[in-house]
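Open the model in your viewer and keep the sequence panel visible. The stops below are meant to be selected one after another.

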Amino acid sequence: MKNFWQTIPKPFFVVAPMADVTDAAFRRMLATYGKPDVMWTEFVSADGLALAPEEGRKKLLADLIYDDEERPIVAQLFSSNEDHMEAAARLCAELGFDGIDINMGCPDRSIEKQGCGSAMIKTPHVAKKIIQAAKRGAPNLPISVKTRAGYNEDEIATWIPALLKERPAALTLHARTRKEMSKVPADWNRVARVVALRDEISPETVIIGNGDVLSLEDARQKITQSGADGAMVGRALFGNPWFFNKNQSLPHQLHTLPTHGVDREKIISADTSRSDIEYITIEERLRVLIEHSKLFVELLPHKSFNVMKKHYKAYVNGFPNAAQLRGQLMEQSDPAGVEAVVHEFLRLNSTN
Ligand SMILES: Cc1cc2nc3c(=O)[nH]c(=O)nc-3n(C[C@H](O)[C@H](O)[C@H](O)COP(=O)(O)O)c2cc1C
């Protein structure tokens, strides 16, 4: 039977796994307001799933809750221990995931200390064994890998072939090295080089480019430039569950709040971090922010409410008095407080 990577129409657009961002609540928002072609969970420790005492394991399992409307959905795991990876992959298959992805790119020191994330780039022999272990644990699911272009320097010519020889169903390249972190622009020419290696070594592997995608249009251009099959989007999603909505109307047609004498074009162009959201009215953005906050508490009661604040910075941006509203939202600790602050803002700022 074909796996979903083999039948997915191209080019495709997917959600980047992001710890404390692409949690169950935000994925539900994405599924409602602009569904991506593939959804990804946050990364989850396979060691934790295998070893943690009951309470810790429950928390990790809570990171793996999802709804059918999010499908196809891939669970991302990390471990440098074969047995743990095999057991966690088996568990993800039992939980009904559509695929499993292995993190081989995270630069976080605490992850690297476990021999995981970017540290895998230094140990290709371990990386291979980990892919094989995931395949053993979930023989009927497609296994994919997400990685970077190298550790201290560009190692595409050696590291990527080592991975491709294991014939992963998909390979995502975050087009930076570990050393580059997110400080330099992602180099999509590197994605093109990975596509060329794929053609030679493992033609059935789907290649996904990742890094600095700002909008769907930008994603299309980067895909055309690199020859990738799809693009993965990370930070541009903060506070923007409409990102993948393909039926976007022309930008900035629908603003309804008064601009208090500030030129509307200036407000919009000052907001350079987001090119796709301006067609959503401010009232709608704030309504969705409240909906998101409520869902977060409902689905993820074990998580700190501060996690929502990354999204507030982005939802509340580029309109008059946004900074003031943002400041007030940052002080809230539950959805009721958020709702009250937003309603007061709308009462003071609305024309009707
Ligand atoms: C807050 C945050 C959390 C992240 N967590 C993960 C993760 O759990 N797994 C992973 O593979 N990458 C993680 N990443 C990296 C992203 O998936 C992505 O590779 C990176 O942000 C570059 O894409 P972008 O330029 O579109 O943001 C994270 C990035 C951010 C900003």
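The tour goes from the sheet to a helix and ends at the ligand.

This is a predicted model, in which local features need pLDDT of at least 70 and side-chain atom pairs count only at pLDDT 80 or more, while totals for chains, interfaces and linings use all residues. Residues are numbered from 1 along each chain as its sequence is written.

**The sheet.** Select the strands (DSSP runs of E, at least two residues, numbered from the N terminus). Eight of them form an open sheet, ordered S1-S8-S7-S6-S5-S4-S3-S2, with parallel pairing; two strands pair if DSSP finds at least two bridges between them. At the edges, strand S1 (12–15) and strand S2 (39–45) each pair on one side only.

**Inside the sheet.** Now select 143–148 and 170–174: these are strands S5 and S6, parallel and joined by five bridges. Arg148 has His174 in S6 as its bridge partner.

**Helix H5.** Select 82–94 (helices are DSSP runs of H or I, at least four residues). At 1.5 Å a residue, counting one less than its number of residues, the 13 residues of H5 should span 18 Å, which agrees with the 18 Å between its end C-alpha atoms. Its buried residues (20 or more other C-beta atoms within 10 Å of their own, C-beta atoms being placed from the backbone) are His84, Met85, Glu86, Ala88, Ala89, Leu91 and Cys92. After H5 comes Gly96, with a positive phi near 95 degrees.

**The ligand.** Which residues come nearest to the ligand? Among the 21 around it (C-beta atom, placed from the backbone, within 6 Å), they are Ala16, Met18, Phe43, Gly234 and Arg235.

Conventions:
Buried ≥ 20, exposed ≤ 12 C-beta atoms within 10 Å, placed from the backbone.
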